[in-house]
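Let's learn to read a protein model together, one feature at a time. Have a look at the sequence and the structure below, and then we can start talking.

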Amino acid sequence: MLDDRAKLLLKALIERYIAEGQPVGSRTLSRASGLELSPATVRNVMSDLEELGLVASPHTSAGRIPTPRGYRLFVDTMLTVTGGGLASPTPSLPPDQPQKVIANAAQLLSNLSHFVGVVVAPRRTSVFRHIEFLRLSERRFLVIIVSPDGDVQNRVVHTQADYSQAQLAEAANYLNAHYAGLAIEEVRTRLRTEVEQLRGEIVTLMETAVQVGTDAFNASKDEVVISGEHNLLDVSDFSHDMSHLRRAFELFEQKTQLMRLLEVSSQAEGVRIYIGGESKVVPFEELSVVSAPYEVDGQVVGTLGVIGPMRMPYERMIQIVDITAKLVSNALSHKQ
C-alpha cells in the first residue's frame with residue numbers, strides 16, 4: 001500500500017507527464033507536488049514507486065514516467081471527475097436516421113478528444129413487420145424484409161427450383177399473416193412444426209427466405225464506425241515511432257479486437273477505462289481506450305469510446321465519452 005505522500009507524488013508525476021510528455025525529474029516533482037520535500041526525499045519515493053512497477057526511468061534520463069500499472073492506479077483511485085469540464089458548449093446530436101446519428105457521434109468524439117472516436121452501431125432487430133418476394137427471372141427472386149422501425153433489407157435469392165410470382169405471393173402472404181412481429185429466428189423454428197398443411201414447395205420457399213433474412217440481419221450487426229484516425233499522426237507518442245502508429249492502424253482496420261473490447265464495455269455501467277497492454281483486449285501498450293455503453297429506450301444497444309495514447313487526459317476523456325453516450329441515447333430513443 002502507498003502512503004499519502006507517495007500517492008500525491010505519483011499523481012503529480014502522472015499529471016505533469018500527461019501535460020508535457022517529458023520524463024519528470026525529482027526537483028520538478030518536488031515543486032509540482034506542493035509538498036515541502038527535498039529532491040533527495042522525492043528521489044527515494046520514486047525509487048520505491050519504481051520497485052513497485054508504477055514508474056520507470058526511460059533510457060538514461062534522470063526523470064521518470066508512469067507505467068501502465070501506474071496509470072491504472074491513477075485512473076482507479078486518483079481521478080476526480082467534476083461536471084462542466086468541457087470548455088466548448090455542450091454539443092448536440094439531432095435525432096435523425098440511426099446510421100447518421102452513429103456517424104455524427106464518432107466524429108463528435110474525435111473532434112472533442114482530438115484522438116480517435118469509435119462507435120458500435122446498434123444491433124438491428126431481427127423482427128420483421130412485412131416481407132415480400134419479387135420474381136426477377138427463372139430461379140431468381142428478391143426478398144424484401146421491412147423491420148418495425150422501417151429499416152429495409154434486400155437480398156437476391158438463387159434457387160434450384162423455379163417459382164411463379166403466384167407462389168411467391170402465397171408464401172409471403174402466409175408469413176405476413178402468421179408471423180409478422182416475430183423474430184426471424186422464431187419464425188424459422190415455428191415453420192418446422194406449423195406448416196404441414198402447406199404444399200412442400202411453399203414451405204421450402206419460406207424456409208429459404210427465412211434463412212436469407214437471418215443472413216441479412218446477421219450481416220448488418222455490430223458495424224463499427226471509426227473517425228479521426230489521422231489525429232494520431234499529431235500525437236508525439238506515435239509520430240516518433242512508426243511501428244506504434246502502424247500497429248494502431250492495423251487495429252482500426254481489423255476491427256475484431258475493437259469489437260471484443262467494446263462488447264466487454266457494453267456489459268458494464270458507466271465509463272470504463274482500458275490501459276494499453278494490461279489485458280488481451282488492448283494488446284498494445286501504446287493505446288488506451290475510454291468507453292461507455294449507450295441505450296435506446298432504456299436498453300443498452302451499443303458502445304462508444306475514445307482511443308488514444310496511454311498518455312491522455314483521462315479526466316477530460318471521461319467527460320467527453322459520458323456526454324456523447326447520453327447524447328446518442330437521447331437521439332436514438334423514441335421517448336418524447
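Q: Which residue does Ser291 stand opposite in strand 10?
A: Strands of a sheet pair through backbone hydrogen bonds, either parallel or antiparallel. In this predicted model, Ser291 faces Gly305 of strand 10.

Q: How many bridges join strand 9 to strand 10, and in which sense do the strands run?
A: Strand 9 covers residues 287-296 and strand 10 covers residues 299-309; they run antiparallel and are joined by 10 bridges. Another pair to look for is Leu287, whose bridge partner in strand 10 is Pro309.

Q: What should I look for in the hairpin of strand 9 and strand 10?
A: Find the 2 residues between the strands, and then look at Asp297, which takes a positive phi near 50°.

Q: What does strand 9 do with strand 8?
A: Strand 8 and strand 9 pair over 3 bridges, in the antiparallel sense. You can find Ile273 bridged to Val290 of strand 9.

Q: Is strand 9 mostly covered or uncovered?
A: Covered, for the most part: of the 10 residues in strand 9, 9 are buried.

Q: How do I read the order of the strands in the sheet?
A: Follow the strands from one edge to the other. Here the open sheet has 5 strands in the order 7-3-10-9-8, and the pairing is antiparallel. Strand 7 (224-227) and strand 8 (272-274) stand at the edges with a single partner strand each, so one side of each has no neighbour in the sheet. Neighbouring strands of this sheet are turned by 20° against each other on average, direction ignored.

Q: Which strands does helix 5 touch where it packs on the sheet?
A: Helix 5 (residues 98-113) touches strand 3 (116-120), strand 7, strand 9 and strand 10. The direction of helix 5 makes about 155° with that of strand 3.

Q: How are helix 6 and helix 7 placed against each other?
A: Two packed helices are described by the angle between their axes and the distance between the axes. For helix 6 (residues 165-179) and helix 7 (residues 184-194), the axes come within 12 Å and cross at roughly 105°. The two helices, helix 6 and helix 7, are therefore roughly perpendicular to each other.

Q: Which residues make that contact?
A: Helix 6 brings Tyr174, Leu175 and Tyr179, while helix 7 brings Val187, Arg190, Leu191 and Glu194. By class, the contact of helix 6 with helix 7 has 5 nonpolar, 2 charged and no polar residues.

How values were computed: Residues are numbered from 1 along each chain as its sequence is written. This is a predicted model: local features need pLDDT of at least 70, side-chain atom pairs count only at pLDDT 80 or more; totals for chains, interfaces and linings use all residues. Side-chain values use heavy atoms; hydrogens and water are left out. Two strands pair if DSSP finds at least two bridges between them. Helices (H or I, at least four residues) and strands (E, at least two) are DSSP runs, numbered from the N terminus. Axes are lines fitted to C-alpha atoms, for helices over the stretch in contact, and angles run from 0 to 180 degrees between N-to-C directions. Contact means heavy atoms within 4.5 Å. Angles under 35 degrees count as roughly parallel, over 145 as roughly antiparallel, 65 to 115 as roughly perpendicular and the rest as oblique. Ala, Val, Leu, Ile, Met, Phe, Trp, Tyr, Cys and Pro count as nonpolar, Asp, Glu, Lys and Arg as charged, and the others, Gly among them, as polar. Buried means under 20% relative accessible area, exposed over 50%, partly exposed in between (1.4 Å probe, protein chains only).
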